[in-house]
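Biologist: I would like to learn how to read a protein model feature by feature, with the general idea given before each case. Where should we begin?

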Amino acid sequence: MISFSRERRIKSMQITLKNVGLLKGKDLTEEEILHLFDLCDAVWLHDGDPKKPHAELTSGLCSNGFFDCLRVLEIPDINEILAQQLARKIKIRCKVDWIIGSPYAAITFSYEVAKALKARHGFVEKDPSGKGMIWRRRVLPKGSVILQIEELITTSKTFKEVRRAVGEGNPEEVKFMNVVGTLVHRPPELPVNYDDGVEVVSLIERKIWAVEQKDCSLCKAGSYRLRPKTNWAELTRKNS
Ligand SMILES: [Zn+2]
């Protein structure tokens with residue numbers, strides 16, 4: 001019996017953005033999920049070929065990859081499908097009371113994970129003072145078990161800030177699970193060990209670096225730089 005790879009199967013199913021609902025209930029591989037990102041024009045990863053351009057970030061740093069999760073999550077069917085994938089992958093072994101996400105891109109995604117896990121949903125907000133995040137509008141019952149869900153993690157800075165805000169914003173003690181779920185995990189180095197034993201479970205994991213131009217191996221190899229947002233088409237050209 002010939003068995004096709006999952007990636008070939010998804011292509012043979014001729015999944016388009018219009019019929020993506022066909023994927024509901026199926027287990028998808030990382031490659032298949034990357035294919036969904038590609039369909040949404042939401043990912044660019046440099047393949048190491050110096051003839052191809054690489055990214056110049058707003059900070060001026062060079063980078064070898066770029067994810068725009070909003071381009072994926074703005075499509076409700078895909079948002080729901082990916083949230084169900086993550087809910088299954090986290091392998092919850094205890095009762096989860098609340099799923100909490102951070103503003104803004106993770107709000108709808110964490111809501112869909114909460115739906116899949118039959119938990120309640122909440123989100124932290126950006127502090128109006130402009131510094132950090134804040135939890136308000138709701139008091140969580142004492143001992144509530146919380147699973148944190150993000151859409152993209154580069155470093156631990158944001159996910160730690162969410163935990164701090166929820167902890168300080170509730171009068172009674174709550175319990176964060178030691179797992180943080182995310183759609184994309186793109187740290188500058190892999191593997192990565194976060195403080196406090198927190199484990200990141202992701203649907204896509206890629207090492208994406210950002211370095212000064214003087215330290216950039218792609219610049220040294222002759223690859224030129226492009227700003228992703230204004231040169232997205234050229235950066236993601238399929239046949240280069
Ligand atoms: Zn460079």
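Modeller: Let us begin with accessibility: a residue counts as buried under 20% relative accessible area, as exposed over 50%, and as partly exposed in between. On that scale R227, at 35% relative accessibility, counts as partly exposed. Please keep in mind throughout that this is a predicted model.

Biologist: Which residue meets the side chain of R227 in a salt bridge?

Modeller: The partner is E56, and the N to O distance of this salt bridge is 3.5 Å. The pair links distant parts of the chain, since E56 lies in strand β2 (residues 54-56) and R227 in the loop between β13 (225-226) and α8 (232-235), 171 residues apart. E56 is buried, with a relative accessible area of 17%, whereas R227 is partly exposed.

Biologist: How many salt bridges does the structure hold, and which residues are linked in a network?

Modeller: The structure holds 19 salt bridges, and a network of them links K24, D77, E80, E112 and K115. Another pair is K207 with E189, whose side chains meet at 3.7 Å, N to O. This pair too links distant parts of the chain, with K207 in the loop between β11 (199-205) and β12, and E189 in the loop between β10 (175-185) and β11, 18 residues apart. K207 counts as partly exposed, at 39% relative accessibility. A further salt bridge joins D215 to K214, with the closest N and O atoms 3.3 Å apart; here D215 is partly exposed at 44%, while K214 is exposed at 62%.

Biologist: Let us turn to the metal. Which atoms coordinate the zinc ion, and how should I read the angles around it?

Modeller: The general reference is that four tetrahedral donors ideally stand at angles of 109.5 degrees. In this model the zinc ion is coordinated by NE2 of H54 and by the SG atoms of C62, C216 and C219, at 2.1 to 2.3 Å. The 4 donor atoms subtend angles of 101 to 118° at the zinc ion, and the arrangement is therefore tetrahedral, given that the class requires all angles to lie between 85 and 135 degrees.

Biologist: How are the donor residues spaced in sequence, and are C62 and C216 buried or exposed?

Modeller: The spacing of the donor residues is H-x7-C-x153-C-x2-C. C62 belongs to strand β3 (residues 62-63) and C216 to the loop between β12 (210-211) and α7 (217-220), so this pair ties together parts that are 154 residues apart in sequence. C62 is buried, with a relative accessible area of 0%, and C216 is likewise buried at 0%.

Biologist: What should I look for in the backbone?

Modeller: The general expectation is that most residues other than glycine have a negative phi and that most peptide bonds are trans, so departures from either pattern can be picked out. In this model the peptide bond from P103 to Y104 is cis, with omega near -10°, and Y104 lies in the loop between β5 and α5. The bond from L190 to P191 is also cis, with omega near -5°, and P191 is found in the loop between β10 and β11. As for phi, K118 has a positive value of about 55° although it is not a glycine; K118 lies in the loop between α5 and β6 and is exposed, with a relative accessible area of 75%. R137, also not a glycine, has a positive phi near 80°, and R137 sits in the loop between β8 (133-134) and β9, where it is exposed at 68%.

Biologist: Which residues of helix α5 are buried, and what covers them?

Modeller: The buried residues of α5 (residues 105-117) are A105, A106, I107, F109, S110, E112, V113 and A114. Their cover includes α3 (70-73), α4 (76-90), β5 (98-101), β6 (120-123), β9 (145-153) and β10. E112, one of these buried residues, is also a member of the salt-bridge network.

Biologist: How do I read the protein as a whole?

Modeller: One approach is to compare the radius of gyration with a rule for globules: with 240 residues a compact globule would have a value near 18 Å, and the 19 Å of the protein agrees. The protein has 8 helices and 13 strands, and 45% of its residues count as buried. Among contacts between residues at least 6 apart in sequence, 64% join residues at least 24 apart.

Definitions and conventions. Residues are numbered from 1 along each chain as its sequence is written. This is a predicted model: local features need pLDDT of at least 70, side-chain atom pairs count only at pLDDT 80 or more; totals for chains, interfaces and linings use all residues. Side-chain values use heavy atoms; hydrogens and water are left out. Donors are N, O and S atoms within 2.8 Å of the metal (3.2 Å for Na, K and Ca); water is not among the atoms, so sites may look incomplete. Four donors count as tetrahedral if all angles lie between 85 and 135 degrees; four count as square planar and six as octahedral if opposite donors are over 155 degrees apart and all others between 65 and 115; anything else is irregular. Helices (H or I, at least four residues) and strands (E, at least two) are DSSP runs, numbered from the N terminus. Buried means under 20% relative accessible area, exposed over 50%, partly exposed in between (1.4 Å probe, protein chains only). A salt bridge is a side-chain nitrogen of Lys or Arg within 4 Å of a carboxyl oxygen of Asp or Glu. The radius of gyration is taken over C-alpha atoms; the globule rule is 2.2 Å times the number of residues to the power 0.38. Contact means heavy atoms within 4.5 Å.
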